[in-house]
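User: Could you take a close look at the largest pocket in this model for me? I'd like to know what lines it and how the parts around it are arranged.

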Amino acid sequence: MANPAQQTILVVDDSPETTQVLSRRIESWGYRVLTSTSGEEALRIAEEQRPDLMLLDIMMPKMKGRQVCAQLKANPATQHIPVIFLTALGLADHVKAGMDLGAEDYLVKPFEPEELKERITVCLTRHNRS
């Protein structure tokens, strides 16, 4: 598996508090973290910085997480970036809709930090093999 310090994760959530908490936690695991509080900004950062993974909230103002994922996957420059949805929407239909857009995983808030760490590790390991 690749060294976490060489991998970048883009955290996208309209709550600055959430992005800050997640960012500190993920940095403590050795990853480099970029943050965004809007879908439009997230797409720009993804194209410019090419993160190794995007953690994406679904319920955001203006551009929803599903729209961000769809545009990310439609762009040849960013379509390779794996997405893990982090959201309070936990019904089976929500999960299916997210996965149908090309997301790698779907984690319902609130979640345990160790579960997030495991999902990130699995996702990056799977992606680095392909």
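Analyst: Happy to. One definition helps at the outset: helices (H or I, at least four residues) and strands (E, at least two) are DSSP runs, numbered from the N terminus. Please keep in mind that this is a predicted model.

With that numbering, α1 (16–28) and α5 (113–129) each supply at least two residues to the lining of the largest pocket. The pocket has a volume of about 190 Å³. Its lining consists of Thr18, Val21, Leu22, Arg25, Lys109, Pro110, Phe111, Pro113 and Leu116. Helix α1 makes the greatest contribution, with four residues. Sorted by class, six of the lining residues are nonpolar, one is polar and two are charged.

Two of the lining residues deserve a closer look. Lys109 sits in the loop between β5 and α5, and Pro110 is found in that loop too. The peptide bond joining Lys109 to Pro110 is cis, its omega being near -10°. The side chain of Lys109 also forms a salt bridge with that of Asp13, at 2.8 Å from N to O. This pair ties together distant parts of the chain, since Asp13 belongs to the loop between β1 and α1 and the two residues are 96 apart. In total, the structure holds eight salt bridges.

Now for the sheet beside these elements. Five strands form an open sheet in the order β2-β1-β3-β4-β5, with parallel pairing. β2 (32–36) and β5 (105–108) are at the edges with a single partner strand each, so one side of each has no neighbour in the sheet. From one strand to the next, the twist averages 20°.

The strand that leads into the Lys109 loop, β5, pairs with β4 (residues 83–87) in the parallel sense over four bridges. Within this pairing, Phe85 has Tyr106 of β5 as its bridge partner.

The pocket's main contributor, α1, packs on this sheet and touches β1 (8–12), β2, β3 (53–56) and β4. The direction of α1 makes about 170° with that of β2. Another helix, α3 (residues 65–74), packs on the sheet as well, touching β3 and β4, and its direction makes about 175° with that of β4.

To draw this together, the pocket is lined by residues of α1 and α5, along with Lys109 and Pro110, which are joined by a cis peptide bond. Through its salt bridge, Lys109 is linked to Asp13, in the loop between β1 and α1.

Terms used:
Residues are numbered from 1 along each chain as its sequence is written. This is a predicted model: local features need pLDDT of at least 70, side-chain atom pairs count only at pLDDT 80 or more; totals for chains, interfaces and linings use all residues. Side-chain values use heavy atoms; hydrogens and water are left out. On a 1 Å grid over the protein atoms alone, a cavity is a set of points where a 1.4 Å probe fits but cannot get out, and a pocket is an open set with protein on both sides within 12 Å along at least five of seven lines; lining residues have an atom within 4 Å of a point. Grid points are joined across faces, edges and corners, and a volume is the space filled by probe spheres set on the points. Ala, Val, Leu, Ile, Met, Phe, Trp, Tyr, Cys and Pro count as nonpolar, Asp, Glu, Lys and Arg as charged, and the others, Gly among them, as polar. Two strands pair if DSSP finds at least two bridges between them. Axes are lines fitted to C-alpha atoms, for helices over the stretch in contact, and angles run from 0 to 180 degrees between N-to-C directions. Contact means heavy atoms within 4.5 Å. A salt bridge is a side-chain nitrogen of Lys or Arg within 4 Å of a carboxyl oxygen of Asp or Glu.
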